[in-house]
Amino acid sequence: GERWRAILGVSPTPLVIKGQDGWFFYGDDGAVADHARQSPMTLDEVQGWRETLTRSNGWLRERQTAYVFTIAPDKHTIYPEQMPATLRRVGGISRTDQVYETLAGTSVVAVDIRPALVAARAHERIYRRTDTHWNDLGALAAYQQIIAAVRTQAPTVPPAWTRDEFEPVERD
């Protein structure tokens, strides 16, 4: 029962994946398949993303509205080494990569925030260990990338805040 799960150090629910060093990951909604890259999108699915986002972008441009597309990455994308060692990647390309690749060469401003998050994690933890969401530092790194992209279309948008404009507080 529950007592044995606690003693053995496993998750009490299949919705939570117990990772390395006290990290937990959301285990539902295709997270394991996504981490393993076992189910790439079909050509029709990729084309559907391209058509939908291009159409949305065009509709908004006709109305003089800036449009920036991004995908908020799951925690296991930024901290893959914290996933259980038993969950290995079997595929080469992620579905997120497929979306960004299909948008290349279109007029859609697509912002891949993963590199900024990976760079930020080199200095400090940017996701909560026991939650699915990024912490304030991760949110700031993503926000700065998004605002920079918005400003390419709408230069009157104020520049992104910097870390110096915040008072750091440590919480675990």
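Buried means under 20% relative accessible area, exposed means over 50%, and partly exposed is what lies in between. I start there since several residues today are sorted by that rule. The structure you have in front of you is a predicted model.

Take R163 as a trial case. R163 has a relative accessibility of 38%, so R163 counts as partly exposed. R163 sits in the segment after helix α7. Its partner is E124, in the loop between α6 and α7. E124 comes out at 26%, so E124 is partly exposed too. The side chains of E124 and R163 meet in a salt bridge, with N to O at 2.5 Å. The two residues are 39 apart along the chain, and the pair links distant parts of it.

Why would such side chains pair at all? Side chains of opposite charge can do so when their charged atoms come close.

How many salt bridges does the model have? The count comes to seven, and I will go through some of them. One joins R63 and E62, at 3.4 Å from N to O. E62 is exposed, because its relative accessible area is 59%. R63, at 40%, falls in the partly exposed class.

Another joins D97 and R114, where the closest N and O atoms are 2.6 Å apart. D97 belongs to helix α5 and R114 to helix α6, with their positions 17 residues apart, so to speak, and again distant parts of the chain are linked. Is R114 buried or exposed? R114 is buried, because its relative accessible area is 13% and the limit for buried is under 20%. The pair is also part of something wider: D97, D112 and R114 are linked in a network of salt bridges.

Two members of that network, D112 and R114, bring us to Y100, which touches both. Y100 lies in helix α5, residues 95-103. With a relative accessible area of 12%, Y100 is buried. What does Y100 touch, leaving out residues up to four places away in sequence? The list is F69, T70, I71, A110, V111, D112, I113 and R114. For I71 there is a further detail: the side chain of Y100 reaches the backbone nitrogen of I71 at 3.0 Å. As for T77, 23 residues from Y100 along the chain, the C-alpha atoms of the two are separated by 15 Å.

Next, a residue outside the helices. Q82 is found in the loop between α4 and α5. Q82 is buried, because its relative accessible area is 11%. Beyond its sequence neighbours up to four places away, Q82 touches G19, Q20, D21, W23 and F25.

Last, a pair of helices. Helix α6 covers residues 114-121 and helix α7 covers residues 136-153. They pack at an angle of about 140 degrees, and their axes are 9 Å apart. The crossing of α6 and α7 is right-handed. Which residues make the contact? From α6 they are A116, L117 and A120, and from α7 they are G138, A141, A142 and Q145. Sorted by type, the contact of α6 with α7 has five nonpolar residues, two polar and no charged.

To go back over the main points: R114 is buried and is linked with D97 and D112 in a network of salt bridges. E124 and R163 form a salt bridge, and each of them is partly exposed. That is what I have.

Terms used. Residues numbered from 1 in each chain as written. Predicted model: local features only at pLDDT ≥ 70, side-chain atom pairs only at ≥ 80, totals over all residues. Heavy atoms only, no water. Axes fitted to C-alpha atoms, helices over the stretch in contact; angles between N-to-C directions. Helix = DSSP H or I, 4+ residues; strand = E, 2+ residues; numbered from the N terminus. Left-handed = near helix turned anticlockwise from the far one by under 90°. Contact = heavy atoms within 4.5 Å. Nonpolar A, V, L, I, M, F, W, Y, C, P; charged D, E, K, R; others polar. Buried < 20%, exposed > 50% of the residue type's maximum accessible area, 1.4 Å probe, protein only. Polar contact = N/O pair within 3.5 Å; in protein donor to acceptor, adjacent residues only side chain to side chain. Salt bridge = Lys/Arg side-chain N within 4 Å of Asp/Glu carboxyl O.
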